[in-house]
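Ready for some practice in reading a protein model? Work through each exercise with the structure open beside you, and try it yourself before you look at the solution.

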Amino acid sequence: MTSLGSVFTDQEVNNWLKARLAINITSTGLHKFIDREVKNVQEDILKSISLTATCTNCCTANLLKCPTPGICKIQRQKGSPSICNYPHDTAMHQPKPCPNSICDDIRDEIIKKHRYKRPSWKNTSAEQWTSNHWELAKCFMPRDGYAGVSNIQGTDFNGVISVMMNCSHFDGTMSFIIASQQPSGPCLLTKAREISNSIRHSPTCKVQATDLNEIFKTMLAILEDSRVLAHDTDAQDAASKLKQLQNESTDISLTDVYQLLKESQEASEQACQVSAEAKVEIKTLMDKIRELENKFDNSQTCVKNVNPEMEDTIYAQKVLELRRRLIKHYTDNTQYVSVMQNHDISLMEIYATPAIHRVDTKKDGKRKKSEPVFTYKDHFRKGKMSCCARWS
Ligand SMILES: [Zn+2]
Ligand SMILES: [Zn+2]
């Protein structure tokens, strides 16, 4: 275990690493909330068009007129009609009405829900609009770079926060007005997106202490927003992690530092192209990364070969972590059942305790129902004895 504040000798580079980690933590803390709300958006859209069937015949290109500004790549030809090189480039990709009268209506509903009425059609596959809610979410992300994304876990912070900013459904989920420009300045989400962009494209890979404080303040204000997120356990876990990171009261595993450094290595390579002045600083940073990678490898060898006690401790921690993740997985995924299309309810709402009784078999072969059995354990034990009773 190591402290993130001691990875680099330069405090401002440490601040930059902390800022990157703070963004990652915030993004993860928002996942459950955003994913659920996008499912609600999908449900709203399907309800509003009174969907009674599904359609997988239409691709996105079929649903866009030609030319669609910002999408179509039109090639003008002297003396002959212009041709569209994208997306209406083949006979299968020509504009046409949905044969099932479904997809055109969904397209129109997506436009209605987009704050600026400019969905990112290049990202999305219309064939999956009724089956994969994340294909709808991608309509609200930046125009390029998200076509290959299939779920929120694979979506970066910029994409995730853009869904909140561009989909008007989220107006009702935050306590503030979502807008990039307003008299009081940009909203928290706009600020968070600007922070993420500036950290990702930082030419120096450094962050000043005052800026880092502002980053923590912004991310915490989002995660602790009183309307919904203050009551969301994942958002509150993330807020708690952010506070620990801010106060240096938490240790970060070497694995996390290693992963962060890998990301930083890529970012610093990009930074080389941006700023020639930063080259010396970045070289130092790269050397440090290599040094830490070696330390990481050595620490793994050390754990395996030199210190078996530490290996036992790590094994025990991994068992606990697996248990925690299994409980979370079951809590998140298996306590709901689908009772009809797009309608899940909690198992506890429909669960009825079964009437199970112990059956004693007498010497004459007669069977008599005795006390009820309520717990799983009591199925196999009677008092301290293991039990071969049969049940009715
Ligand atoms: Zn076109
Ligand atoms: Zn269709």
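## Exercise 1: An unusual cysteine

C205 counts as buried, with 23 C-beta neighbours inside 10 Å. The model you are looking at is a predicted one.

**Task.** Find where C205 is located, and compare its setting with that of K117: is K117 buried or exposed?

**Solution.**
- Step 1. Start with the background: most residues other than glycine have a negative phi.
- Step 2. C205 is not a glycine, yet its phi is positive, about 55 degrees. This cysteine sits in the loop between helix 5 and helix 6.
- Step 3. K117 also has a positive phi, near 60 degrees, without being a glycine. Look for K117 in the loop between helix 2 and helix 3 (133-137).
- Step 4. Now count neighbours. A residue with 20 or more other C-beta atoms within 10 Å is buried, and one with 12 or fewer is exposed. C205 has 23, so it is buried; K117 has 9, so it is exposed.

## Exercise 2: Two helix pairs

**Task.** Work out how helix 4 is oriented relative to helix 5, then do the same for helix 6 and helix 7.

**Solution.**
- Step 1. The axes of helix 4 (residues 157-166) and helix 5 (residues 188-200) come within 10 Å and cross at roughly 160 degrees. Because angles over 145 degrees count as roughly antiparallel, helix 4 is roughly antiparallel to helix 5.
- Step 2. Next, see which residues touch. On the helix 4 side they include F157, I161 and M165, while L189, A192 and S196 are among those on helix 5. By class, this contact has six nonpolar, four polar and one charged residue.
- Step 3. Helix 6 (residues 209-223) and helix 7 (residues 233-246) have axes 9 Å apart, at an angle of about 160 degrees. Helix 6 is therefore roughly antiparallel to helix 7.
- Step 4. Here F216, M219, L220 and L223 of helix 6 meet A235, A238, A239, L242 and Q246 of helix 7. Eight of these residues are nonpolar, one is polar and none is charged.

## Exercise 3: A hairpin

**Task.** In which direction do strand 5 and strand 6 run relative to each other, and which residue is the bridge partner of V359?

**Solution.**
- Step 1. Strand 5 (residues 357-361) and strand 6 (residues 367-372) run antiparallel and are joined by four bridges.
- Step 2. V359 has K369 in strand 6 as its bridge partner.
- Step 3. Five residues lie between the two strands of this hairpin, and G365 in the turn has a positive phi of about 90 degrees.

Key:
Residues are numbered from 1 along each chain as its sequence is written. Chains are lettered from A and ligands numbered from 1 in the order in which they are written. This is a predicted model: local features need pLDDT of at least 70, side-chain atom pairs count only at pLDDT 80 or more; totals for chains, interfaces and linings use all residues. Two strands pair if DSSP finds at least two bridges between them. Axes are lines fitted to C-alpha atoms, for helices over the stretch in contact, and angles run from 0 to 180 degrees between N-to-C directions. Angles under 35 degrees count as roughly parallel, over 145 as roughly antiparallel, 65 to 115 as roughly perpendicular and the rest as oblique. Two residues are in contact if their C-beta atoms, placed from the backbone, lie within 7 Å. Ala, Val, Leu, Ile, Met, Phe, Trp, Tyr, Cys and Pro count as nonpolar, Asp, Glu, Lys and Arg as charged, and the others, Gly among them, as polar.
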